[in-house]
Amino acid sequence: MISPLLLNVALHGLEEAAGVRYITSGIHAGVIKAGSPVVIRYADDLVALCHSQAQAQQVQVRLAEWLAPKGLTFNHDKTRVVSLGNDGFDFLGFNVRRYHRKLLIKPSKAAVKRIRSRLSVEMRTLRGSNAAGVLARIAPIVRGWTAYYRGVVSKKIFTGLDDHLWKLTYKWAKYSHANKPRTWIVNRYYGQFNPDRADRWVFGDRVSGAYLPKFAWTKIVRHVLVPGTASPDDPALTQYWADRRRKVRPPLDNSTLRLLQVQRGCCPLCGDYLLHTDREPTSPREWEQWLTGTRKAITRHNLVSVSGHTGQPEETRVRLVHSSCQPRGSGTIRKYGTSAVLHRPLGLA
């Protein structure tokens, strides 16, 4: 982590050197002034969006002069001036291009090719595993990739990836049961596993009821721009960043999200927050790691209310708790006053 940290320190002030100017007062404070270029930087990768080719060349000259005293120069093999209307460009896995005077940001072709190839490789390595093994490996990949690209124009690409993944899962099932007919395979591995959707072609595990989420189920949520030079490291903006994170819907299944909302994001056993993240993941891999960690850290249990007269269960209520808070031993029952709690592992499908 030291390399990008040092680059962020060394390149602080790059926007100002490029000529980016913000409105500093009024209701539009933090908005870039008309005619000003826009600079987006991630560690040492940057893009300058300009209004003309002349302005783009001017920004490049100004930045080269600003970088020189720091001992830094542009990589001329990777630096170029392009037209958004003709060529567009790829940046951090996204493609930015103007279509018929409308700017669209989509997953880049290279990013789509990588995810398709990775899914194919993963499914080949899973030959010989059961359905639960497939879900444990593939579900975080799907959710992580869609979480990263859900803020741009991705719906058509999501649908195409669903078709690719369906073919892979069917091919895996055919390999696992080479002597079984198509009808048997479909009835074994496909069905309406997701109760919130009328889709009977969902791949799942009949034993646990867990299923593989589809790319297209992810709703497109437009990214809200951060005003001006607001930084997560500014102590004065702690509440702003906390409110911003609170509005982000984590890429979890609907039942888990409903329970989180009812519990206000807290564990009923210890009172601490169930989801901990200071910053939103910034890549599909980071989203996968976050989802995998969340799946291990959070457990679902059934709270069974017991009648004081008959000793018979009256009501069963599902709650989310930390895995570290639950009593040891899967499936054990413990009494809390007049209640008994049955703990089961949470499966984030």
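**Figure 1. Helix α4 and the residues it buries in the predicted model.** Helix α4 covers residues 109-125, and at 1.5 Å a residue its 17 residues should span 24 Å; the C-alpha atoms at its ends lie 25 Å apart, which agrees. The model shown here and in the other views is predicted. Ala111, Val112, Ile115 and Leu119 are among the buried residues of α4. Arg118, Ser120, Glu122 and Met123 of this helix are buried as well. The cover over these buried residues includes strand β5 and three helices, α5 (131-149), α6 (155-176) and α10 (284-297).

**Figure 2. Surroundings of Arg118 in helix α4.** Arg118 has a relative accessibility of 18% and therefore counts as buried, the limit being under 20%. Apart from neighbours within four places in sequence, Arg118 is in contact with Ile141, Arg285 and Glu288. Ile141 is 23 residues away from Arg118 in sequence, and the C-alpha atoms of the two are 9.3 Å apart in space.

**Figure 3. The open sheet of strands β3, β4 and β5.** The three strands are arranged in the order β3-β4-β5, with antiparallel pairing. Strands β3 (89-91) and β5 (102-107) lie at the edges, each paired on one side only. On average, neighbouring strands of the sheet are turned by 30 degrees against each other, with direction ignored. Strand β4, residues 94-99, is joined to β5 by six bridges, and the two run antiparallel. Val96 stands opposite Ile105, a residue of β5. Strand β5 is also part of what covers the buried residues of α4.

**Figure 4. The hairpin of strands β1 and β2.** Strand β1 (residues 38-42) and strand β2 (residues 45-49) run antiparallel and are joined by five bridges. Val38 has Leu49 in β2 as its bridge partner. Two residues lie between the strands of this hairpin, and Ala43 in the turn has a positive phi of about 55 degrees.

**Figure 5. The crossing of helices α6 and α7.** Two packed helices are described by the angle between their axes and the distance between the axes. For α6 and α7 (residues 182-189), the axes come within 10 Å and cross at roughly 115 degrees. The crossing is right-handed. On the α6 side, Tyr170, Trp172, Ala173 and Lys174 take part in the contact; they meet Arg182, Ile185 and Tyr189 of α7. Of the residues in this contact, five are nonpolar, two are charged and none is polar. Helix α6 also helps to cover the buried residues of α4.

**Figure 6. His177 in the loop between α6 and α7.** With 17% relative accessibility, His177 counts as buried. Leaving out neighbours within four places in sequence, His177 is in contact with Trp184, Ile185, Arg188 and Tyr189. Ile185 and Tyr189 are also among the α7 residues that meet α6.

Technical notes
Residues numbered from 1 in each chain as written. Predicted model: local features only at pLDDT ≥ 70, side-chain atom pairs only at ≥ 80, totals over all residues. Heavy atoms only, no water. Pairing = 2+ DSSP bridges. Helix = DSSP H or I, 4+ residues; strand = E, 2+ residues; numbered from the N terminus. Axes fitted to C-alpha atoms, helices over the stretch in contact; angles between N-to-C directions. Expected span 1.5 Å × (residues − 1). Buried < 20%, exposed > 50% of the residue type's maximum accessible area, 1.4 Å probe, protein only. Contact = heavy atoms within 4.5 Å. Left-handed = near helix turned anticlockwise from the far one by under 90°. Nonpolar A, V, L, I, M, F, W, Y, C, P; charged D, E, K, R; others polar.
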